[in-house]
Each structure stands twice: as structure tokens, then as C-alpha cells.
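Colleague: I am new to this model and would be grateful for a guided reading. Please begin with its aromatic rings, then turn to its strands and cores.

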Amino acid sequence: VTAPPLGYSTYFVELNVAAAPAVVVPFQPNADFSISNSMIRLIFDGESGRLKLVENFRTNTMTPVSQELRWYNASAGNNVESKQASGAYVFRPNSSATFDLAEGNPYESVVYRSDVVEEVRQIVRAGEASQVVRLYADASYAEFEFTVGPINVRDGWGKEIIAVFASNITSEKTFYTDANGREMQERVRYHRDTFTINLTEPVASNYFPVDSRIAIRDQDVQLTV
């Protein structure tokens, strides 16, 4: 879409009734399922509903990659180290332990296929969290779209919801984040180049603001989110 300076362009969108509608793929209990395009294929575990493998057709490689929604217990601000509670603009879990948002239950999954896109729609926890994993035709990446909330705090526990991607990449604690959407900055967990770090917040100190991407890699594979 382009427009001249101080100008405008007008576009009209209408329904293409001739296009083939999306097809709902019948679900086979406990059987693995997948979505794919000409570039990659995402394979999901049939029992848990979670992503487990990414196949790259261009490099003919299969990489174990899992993804799930988890949560930290938020700090109430009543410990010895700090009175600061976790809250708006303050990410402060009370420990490094994470908990499965689905509490071990499988993700309820429905697969849709069309000529334009294939996607897996998942209910992670009824009424609280859902996600869509999407593959557009000829795209070299997958799209993950989360919807979280309202967060259940009836148990009296504040919750910091996170998306966890795990793989077998040997990154040696090194990862890369963008710098305001421009160059990539190398990071090392539990390390700072210019001073000796004294970690009092081991979780929060390894989370970084990301505008466009974060990546880990080894000699063979790179995973970018």
C-alpha cells in the first residue's frame, strides 16, 4: 500500500465467494497432528496438544522445539530482600519455579486448513487462556498469538504468565536480542560485561525488553522468536 505525500489511496475489500473455505481437520485422539507449508512443518504431540517438532524442508532438518504457557508466582513484597511487590511495570517472581498454566491437562486443539493459511486453535485453560499457531503459505516462520485473561487469582496467588519455548540448541547461556528493532545485541545469562553482577533477582535479571526478536543458536541451528 502506497500513498503520495499529503495524499491518500482508497481500497475496497469484498468477500471472495469463489475461494475455497477453510477446512476443519478431524481430530484423531492421541495421534500427532501438524500444519505445514512449502517451507516448514510444525508437529504437535497428540496427547498433550503441545508443539514438539519443527521440520525445515529447505535444510531437511528436524529440530525438537516445544512451546507452552506457564506462570511464575508473583512476589507479594513481604520478604527480607525487598518490600517491592510484583505488579504493573514490576516483574518480580517470588522464586525461579514455574507452573503449567494448563495444570498438566492437554491443550484442546482444532486444526484449520485453507489455501492461504493453516492454523491450530488451542484452548490452554478454559476461560483464561487460548492461543493460535499459524502458518501462512510460503512463510518461513510460524505465528503464535496468545490471549490471556482474566487471570484466575481466586487461589490467592498472583500470576506472571509466560510463553516458554524450549529446544535442544546448545546456546551455552548466550542469546541475542534486538536493540530498538535494529542491530542484535549479544547477552549472556547471569553475566554483565562491565561489572560483576550480584544477583538478587535471578529471574527478572535475565528478562529483556524485546521490540522485534530474540534468538538462540549453536553451530547448526538458530531459533528466533
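Colleague: How many aromatic pairs does a search of the whole structure find?

Modeller: This is a predicted model, in which local features need pLDDT of at least 70 and side-chain atom pairs count only at pLDDT 80 or more, while totals for chains, interfaces and linings use all residues. Residues are numbered from 1 along each chain as its sequence is written, and side-chain values use heavy atoms, with hydrogens and water left out. Rings of Phe, Tyr and Trp (its six-membered ring) pair if their centres lie within 6.5 Å; planes under 30 degrees apart count as stacked, over 60 as edge-to-face and the rest as tilted. The number of aromatic pairs found in the whole structure is nine.

Colleague: What kind of pair do the rings of Phe99 and Trp157 form?

Modeller: The centres of these two rings are 6.1 Å apart. Their planes stand at 70 degrees, so the pair is edge-to-face.

Colleague: How many residues apart in sequence are the parts that this pair ties together?

Modeller: Strands are DSSP runs (E, at least two residues), numbered from the N terminus. Phe99 belongs to strand S6 (residues 99-100), whereas Trp157 is in the loop between S10 and strand S11 (159-167). The pair therefore ties together parts separated in sequence by 58 residues.

Colleague: What is the relative accessibility of Trp157?

Modeller: Buried means under 20% relative accessible area, exposed over 50%, and partly exposed in between (1.4 Å probe, protein chains only). Phe99 is partly exposed, with a relative accessible area of 31%. Trp157 also counts as partly exposed, at a relative accessibility of 38%.

Colleague: How many residues apart are Phe144 and Phe165?

Modeller: Phe144 and Phe165 form an edge-to-face pair, 5.2 Å centre to centre, with 85 degrees between the planes. The pair links distant parts of the chain, Phe144 being in strand S10 and Phe165 in strand S11. Their separation is 21 residues.

Colleague: Which strands stand at the edges of the sheet that runs S1-S7-S8-S9-S10?

Modeller: Two strands pair if DSSP finds at least two bridges between them. Five strands form this open sheet, and the pairing is antiparallel. A strand at the edge has a single partner strand, so one side of it is left without a neighbour in the sheet; this applies to S1 (23-25) and S10 (143-148).

Colleague: What is the bridge partner of Val132 in S10?

Modeller: Strand S9 (residues 129-136) runs antiparallel to S10, and six bridges join them. In S10, the partner of Val132 is Glu145.

Colleague: Which strands are at the edges of the sheet S13-S12-S14-S15?

Modeller: This open sheet has four strands, with antiparallel pairing. Each edge strand pairs on one side only, and the two are S13 and S15 (222-224).

Colleague: Are the residues of strand S12 buried or exposed?

Modeller: Strand S12 covers residues 174-178. One of its faces carries Thr174, Tyr176 and Asp178, and the other carries Phe175 and Thr177; all of these residues are buried.

Colleague: Which residue in S13 is the bridge partner of Phe175?

Modeller: S12 and S13 (residues 184-188) pair in the antiparallel sense over five bridges. Their hairpin has five residues between the strands, and Asn180 takes a positive phi near 55 degrees there. The partner of Phe175 in S13 is Arg187.

Colleague: Which strand gives the most residues to the largest nonpolar core?

Modeller: A nonpolar core is a set of buried Ala, Val, Leu, Ile, Met, Phe, Trp, Tyr and Cys residues joined through side-chain atoms within 4.5 Å. Of the 13 residues in the largest core, those touching the most other members are Ile35, Leu42, Phe44, Val120 and Val133. S2, S3 and S9 each supply at least two residues of this core. With three residues, the strand that gives the most is S3.

Colleague: At what distance does the side chain of Arg50 reach the backbone oxygen of Ser48?

Modeller: Arg50 is in the loop between strand S3 (40-44) and strand S4 (51-56). Its relative accessibility is 12%, so Arg50 counts as buried. The side chain of Arg50 reaches the backbone oxygen of Ser48 at 3.1 Å.

Terms used: Polar contact = N/O pair within 3.5 Å; in protein donor to acceptor, adjacent residues only side chain to side chain.
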